[in-house]
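Welcome! Have a look at the structure below and turn it around a few times before you read on.

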Amino acid sequence: MSTSPQITCSALSFGWPDGSAVFDGLQLAVGPGSTGLVGVNGSGKSTLLKLIAGLLTPTGGRADVVGEIGYLPQNAALDTTLRVDQALGIAGTRAALLAVEAGDASEENFAAVGDDWDVEERARATLDQLGLGHVGLDRTIGEVSGGECVLLRLAALLLARPSVLLLDEPTNNLDLYARRRLHAAVAAYSGLLVVVSHDRELLDLVDRIADLRDGEVTWYGGNFSAYEEALAVEQDAAARMVRVAEGDVQRQKRELADAQVKLARRKRYGQKMWDTKREPKAIMAQRKRQAQVSAGKHRIMHTAKLAEARERLDEAVEAVRDDEIRIELPATVVHAGVGVLRLRELELRYGARAAGEFAIHGPERVALVGRNGAGKTTLLRTVAGELAPVSGEAETLVPTRFLPQRLDVLDDALSVAENVARFAPGATDNEIRARLARFLFRGARANQPAGNLSGGERFRASLAALLLAEPAPRLLMLDEPTNSLDLASVRALTAALGSYRGALVVASHDVPFLESIGVTRWLLLDGELRDTTEEEVRAGQTS
């Protein structure tokens, strides 16, 4: 009988060289089926996958895996000089097979082929399953888009037939068409799957949710929608417990105050009796001692009850989650009809173009969509002044800020607070730290080097830096802003963008997110830039 795949973490501990601990004695057991690993940015999801995959060494405990591991890292690039068959890991087998077919029946070639005589057919079938049937095995990686590279890496894993598959944000940068293909491949996988993702549709395909929080995992049966429902019930109960505990603390405070008033009255009465000497001195001294003992007992009892009530309140508050970022975009207003961006006969690098004239006015909310490799990032970088156009003009008419997909606005050697200070030299340290606290960089977290941040933490720090920059942006451009963000942070970003009154241009493949921010205009870049509709976008990318 074959052994079922299994992941077991026993007393697993890990910390970074700067001394910050990620895990301290984590216990985890994962069996066959699909698991969605969720948690706030910086909770250690990607680190845990790397520990399981053997790419990081624990500082204590063990991470054991039964079965062959396939690991898809987040935002990993492929060598652009590789051929597709090399990226798929079948180049050697394929070369030996072609040699045998050509008449070279050497022992080396037969050994290289082994039992994998249908390797080309399996490779093409896997590519076709992922929507890459048009990608020939002899093409180079430099000829395919970034999204297609992600699917090629997944194809390589599926061809290797691992019994344990670890996926870290696999839908980052994928267009809607590619996401649907990846969703289908994940749904069809029959081994042990652990996926870290902010893609709700992908997480709704899993069998169970593992919620990583404060170095521990809590399990929830069912998909992400079921998890959200269960979590909402838990949080409602936790909020009620806070209210009950707060009421108990107030009651104990009142009882302690009442007891102190009564004791003060008794003390005054005893002093009066002493002063008037209505009873023998020895009796009054004994009563005074008894009163002091009784007062001490009452004070200790009520103080202890108050301390217990406060402890229960602390426990209740701890159960209520406060891990959503509070994004406050600048109070910028761009009145209707005011021009913010103008494109004239613009030709971009790598071939895309905007023929004629395109004008964006305040406070338009523009969604920039298109297949992977269409040139959306190139267009935004050109507008931001980072790239020169081949010809034509891109003119911004108001203060503009651009948050790039690569999140390379930070200096990795500087702390989070120091990075923000670079963009706002006039802001005080207290102002910077108050802003960072709203992005969950509180206390020592604001002092950590930017190079140690997770993808989601890096996004939060980059956004904080740009929003505190001077002058405040009246045109905000975001390139795939939901990549690497946990779902709570996506909700916070959605709420913030909903209240922003400047002009907005967002390049994204996440159509539900674009819908949620109230897009008023859709621009499709597919060789040429043109106005389109949401219906056309969905129809064109899901066909």
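This report walks through confidence, the sheet, a helix pair and two spots in the backbone.

## How far to trust the model

What you see is a predicted model. Over the chain, pLDDT averages 83, and 87% of the residues score at least 70. Among the elements of the chain, strand β7 has the highest mean pLDDT, at 96, while helix α10, residues 281-319, has the lowest, at 65. Where pLDDT is low, the predicted coordinates should not be read in detail.

## The sheet

Try tracing the open sheet strand by strand: its six strands follow the order β5-β6-β7-β3-β8-β9, and their pairing is mixed. At the edges sit β5 (69-72) and β9 (216-221), each of which pairs on one side only. From one strand to the next, the twist averages 20°.

Now zoom in on one edge. Strand β8, residues 208-213, runs antiparallel to β9, and six bridges join the two. Within this pair, R208 stands opposite G221 of β9. The sheet also has a helix packed on it: α1, residues 45-53, touches β3 (33-38), β5, β6 (164-168), β7 (192-196) and β8. The direction of α1 makes about 150° with that of β6.

## Two helices that cross

At what angle do helices α5 and α6 pack? Helix α5 (residues 119-129) meets helix α6 (residues 146-160) at about 135°, and their axes are 10 Å apart. An angle over 145 degrees would count as roughly antiparallel, and α5 and α6 are therefore oblique to each other. Their crossing is right-handed.

Which residues make the contact? From α5 come R122, A123, T126, L127 and Q129, and from α6 come L152, A155, L158 and L159. Sorted by class, the contact between α5 and α6 has six nonpolar residues, two polar ones and one charged one.

## Two spots to look for in the backbone

Most residues other than glycine have a negative phi, and most peptide bonds are trans. With that in mind, find E169 in the loop between β6 and α7 (176-188). The phi of E169 is near 50°, a positive value in a residue other than glycine.

Then move along to P363, in the loop between β11 (353-361) and β12 (365-369). Is the peptide bond from G362 to P363 cis or trans? This bond is cis, and its omega is near -15°.

Methods: Residues are numbered from 1 along each chain as its sequence is written. This is a predicted model: local features need pLDDT of at least 70, side-chain atom pairs count only at pLDDT 80 or more; totals for chains, interfaces and linings use all residues. Side-chain values use heavy atoms; hydrogens and water are left out. Two strands pair if DSSP finds at least two bridges between them. Helices (H or I, at least four residues) and strands (E, at least two) are DSSP runs, numbered from the N terminus. Axes are lines fitted to C-alpha atoms, for helices over the stretch in contact, and angles run from 0 to 180 degrees between N-to-C directions. Contact means heavy atoms within 4.5 Å. Angles under 35 degrees count as roughly parallel, over 145 as roughly antiparallel, 65 to 115 as roughly perpendicular and the rest as oblique. A crossing is left-handed if the near helix is turned anticlockwise from the far one by less than a right angle, and right-handed if clockwise. Ala, Val, Leu, Ile, Met, Phe, Trp, Tyr, Cys and Pro count as nonpolar, Asp, Glu, Lys and Arg as charged, and the others, Gly among them, as polar. pLDDT is the predictor's confidence in each residue, from 0 to 100.
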